[in-house]
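Here is a short tour of one protein model, written to be read with the coordinates open beside you. Take a moment to look the fold over first.

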Amino acid sequence: LTPAIRKYVRRHQGGPLLNHLMGCATNNHCFAAKNLFYGRWEAPMPVSRVCNAECLGCLSLQSDVECTASHQRLSFKPSKEEIVSLAVAHLSRAPKAIVSFGQGCEGEPLTEHRLIAEGVREIRRKTSKGTVNLNTNGSWPERVRRVAENGLDSIRISMNSARPAFY
């Protein structure tokens with residue numbers, strides 16, 4: 001992994017998002033982050049620092065000190081330029097390429113729906129290769145629609161409770 005990260009960093013201009021993903025790959029052993037550096041399959045594009053749910057078992061934030069989070073939540077808002085740069089490079093080169101918004105190291109990606117929509121539009125302007133995916137709790141259908149209208153290819157909606165009060 002370390003040689004793959006070094007090679008990747010030599011080829012791509014670094015920024016806060018790339019630095020965060022290096023930590024995800026090395027410290028959290030995130031397979032999706034490792035994929036970015038190995039140039040294969042699904043790579044993460046985390047964008048959100050906050051969430052609108054309090055899911056028991058959240059990977060990046062737990063209020064119960066006895067159940068610690070396994071991943072550090074994203075602490076900054078990535079730039080559209082860095083998102084597009086990393087995503088286009090991955091989609092253009094990786095076999096079976098996917099870039100996914102909504103990963104374990106972030107909150108609910110739809111809290112940053114404008115950034116995702118603008119990023120997806122720019123990604124699709126630069127390449128039609130691969131799949132642009134969104135992992136979400138689906139709590140804001142109008143925001144999903146806006147992102148989808150800008151070129152989103154797939155979506156996975158996580159249902160954390162089957163109780164009608166929550167869904």
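## Overall picture

Of the 167 residues in the protein chain, 46% count as buried. Please keep in mind that this is a predicted model. The surface left open comes to about 9100 Å², with carbon and sulfur atoms supplying 51% of it.

Six helices and four strands make up the secondary structure of the protein chain. Reading from the N terminus, the order of the elements is α-α-α-β-α-β-α-β-α-β. Among contacts between residues at least 6 apart in sequence, 69% join residues at least 24 apart.

## Where helix 2 meets helix 3

Two packed helices are described by the angle between their axes and the distance between the axes. Here, helix 2 (residues 16–26) and helix 3 (residues 31–38) have axes that come within 8 Å and cross at roughly 115°. The crossing of helix 2 and helix 3 is left-handed. Which residues of the two helices make the contact? Helix 2 contributes Leu18, Leu21, Met22, Cys24 and Ala25, while helix 3 brings Ala33, Lys34, Leu36 and Phe37. Sorted by class, this contact has eight nonpolar residues, no polar ones and one charged residue.

## Two cysteines, and the bond count

One of the contact residues of helix 2 is Cys24, and it is worth a second look. Cys24 is buried, at a relative accessible area of 1%. Cys30 is buried too, with a relative accessible area of 16%.

A disulfide is a covalent bond between the sulfur atoms of two cysteines. How many disulfides does the structure hold? The number is zero. For Cys30, the closest cysteine sulfur is the one in Cys24, and because the two sulfurs are 5.7 Å apart, they are too far from each other for a bond. The cut-off that matters for this step is 2.5 Å between the sulfur atoms.

## The N-terminal end and helix 3

Helix 1 (residues 2–11) includes Pro3, and Thr2 lies in helix 1 as well. Both residues have a partner in helix 3 that is distant in sequence: Thr2 and Lys34 are 32 residues apart along the chain yet 9.9 Å apart in space, C-alpha to C-alpha. Pro3 and Phe37 are separated by 34 residues in sequence and by 9.2 Å between their C-alpha atoms. Lys34 and Phe37 also belong to the contact that helix 3 makes with helix 2.

Is Pro3 buried or exposed? At 57% relative accessibility, Pro3 counts as exposed, since the cut-off for that class is over 50%. Thr2, at 42%, is partly exposed.

## Two positive phi values

Most residues other than glycine have a negative phi, and most peptide bonds are trans. Trp41 and Lys96 are therefore good places to pause, each having a positive phi in a residue other than glycine. The table puts their values side by side.

| Residue | Phi | Loop | Relative accessible area |
|---|---|---|---|
| Trp41 | near 45° | between helix 3 and strand 1 (42–44) | 44%, partly exposed |
| Lys96 | near 50° | between helix 4 (80–93) and strand 2 (98–101) | 71%, exposed |

Where do these two residues sit? Trp41 is placed in the loop that leads from helix 3 to strand 1, and Lys96 is in the loop between helix 4 and strand 2. Trp41 is partly exposed, whereas Lys96 counts as exposed.

Technical notes. Residues are numbered from 1 along each chain as its sequence is written. This is a predicted model: local features need pLDDT of at least 70, side-chain atom pairs count only at pLDDT 80 or more; totals for chains, interfaces and linings use all residues. Side-chain values use heavy atoms; hydrogens and water are left out. Axes are lines fitted to C-alpha atoms, for helices over the stretch in contact, and angles run from 0 to 180 degrees between N-to-C directions. A crossing is left-handed if the near helix is turned anticlockwise from the far one by less than a right angle, and right-handed if clockwise. Contact means heavy atoms within 4.5 Å. Ala, Val, Leu, Ile, Met, Phe, Trp, Tyr, Cys and Pro count as nonpolar, Asp, Glu, Lys and Arg as charged, and the others, Gly among them, as polar. Buried means under 20% relative accessible area, exposed over 50%, partly exposed in between (1.4 Å probe, protein chains only). Accessible areas come from the Shrake-Rupley method with a 1.4 Å probe; for residues, only the protein chains shown count as cover.
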